[in-house]
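Reader: I've got a structure open and a few things I'd like to ask about it. Shall we go through them one by one?

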Amino acid sequence: MNKKILAGNLKMNLLSPLERERYLNGLKKELKNKKFENTTLVLCPPFVHIEAFGKSVGKKVALGAQDVFAEIQGPYTGEISPLMLKNTGCEYVIVGHSERRRYFSESDYEVNLKALSAMRNGIRPIICVGETREERETHAILQVITRQVRGAMENVNRVKARDFVIVYEPVWAVGTDVIPSSDEVLGAKLLIKKILVGLFGSQHGQETPIIYGGSVNVKTLRQVCIDPGMSGALVGRESLNPREFVRMAEILEKG
Ligand code: PGA
């Protein structure tokens, strides 16, 4: 059985080494004597903290980054190479988060290049797709998700499809405490699965884990993740609280 994935997106937080150490100490305490057999815990701190996270909790928690550049090396001021991430211990990277699409105008094409490059360098891309409030109100969910998933998975080899992770993360649910019903999440999951089967065939298209993101916490986890049969969750705010993050992992582990 494939393990479930609980990924924490720490975003632009933990502003100093002191804050980072506090967080890591809290996390170590919460993880003590706990073993997760069915759930992979992933944390995506800001780039500058990745190495310290690896040294501190790297055995129990897989490391991820929040973004990556498509090129490997060269004159790209300010960018981070997938190979740098790999060599720093990262196994995952979030690609196409709605905040990157919105504030940095990331296109489906760029998301695809980044995801392919991450993959080529041995890092699993966690690709975010989902509709905005306006797109939801104008019943454009089908078109938006189809465009985003097809765009992100362009030129992916079918045998590699299983190593990608797709997050259904409705943009209107991010940072809001408003969440979709289980049926809405299930509908999105079936749609994404159908698109993937169309792209990769019925065998390989079924293997890509589809997880949920957007206002996940210990109270909402059942409705948006467990009941609709998602393969895990991407957590923003609540991953900043080690206790809540580990509690969510425990619920997923049992669920
Ligand atoms: P949130 O963020 O859990 O704070 O809503 C989720 C995300 O942006 O991935």
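Reader: Let's start with strand β6: which residues point one way, and are they buried or exposed?

Author: Keep in mind that this is a predicted model. In a regular strand the side chains alternate between the two faces of the sheet. In β6, residues 165–168, I166 and Y168 take one side, with V165 and V167 on the other. As for cover, the residues on both sides are buried.

Reader: Which strands does β6 pair with, and through which helix does the chain cross from β6 to β7?

Author: Strand β5 (residues 124–129) pairs with β6 in the parallel sense over four bridges, and there I126 sits opposite V165. Strand β7 (residues 210–213) also runs parallel to β6, joined by three bridges, with I210 as the partner of I166. The β-α-β crossover from β6 to β7 is right-handed, and the helix it passes through is α8, residues 182–204.

Reader: Now the ligand. How much of its accessible area does the protein cover?

Author: There are 13 residues around the ligand, and the closest are K11, H97, E169, G175 and R237. Side-chain polar atoms of H97 and E169 lie 2.7 Å and 2.8 Å from a ligand oxygen, respectively, while a polar backbone atom of G236 is 2.9 Å from one. Of the 290 Å² the ligand has on its own, the protein covers 99%.

Reader: And N112: is it buried or exposed?

Author: N112 belongs to helix α5, residues 108–120. Further along the sequence, it touches G151, A152, M153 and E154. Its relative accessible area is 4%, and the cut-off is under 20%, so N112 counts as buried.

Conventions: Residues are numbered from 1 along each chain as its sequence is written. This is a predicted model: local features need pLDDT of at least 70, side-chain atom pairs count only at pLDDT 80 or more; totals for chains, interfaces and linings use all residues. Side-chain values use heavy atoms; hydrogens and water are left out. Helices (H or I, at least four residues) and strands (E, at least two) are DSSP runs, numbered from the N terminus. Buried means under 20% relative accessible area, exposed over 50%, partly exposed in between (1.4 Å probe, protein chains only). Contact means heavy atoms within 4.5 Å. Two strands pair if DSSP finds at least two bridges between them. A crossover is right-handed if, with the strands pointing away from the viewer, the path from the first strand over the helix to the second runs clockwise. A residue is near a molecule or strand if one of its heavy atoms lies within 4 Å of it. A polar contact is a pair of N or O atoms within 3.5 Å; within protein, one must be able to donate a hydrogen and the other to accept it, and residues adjacent in sequence count only if both atoms are side-chain atoms. Accessible areas come from the Shrake-Rupley method with a 1.4 Å probe; for residues, only the protein chains shown count as cover. Lists of a residue's contacts leave out its neighbours within four places in sequence.
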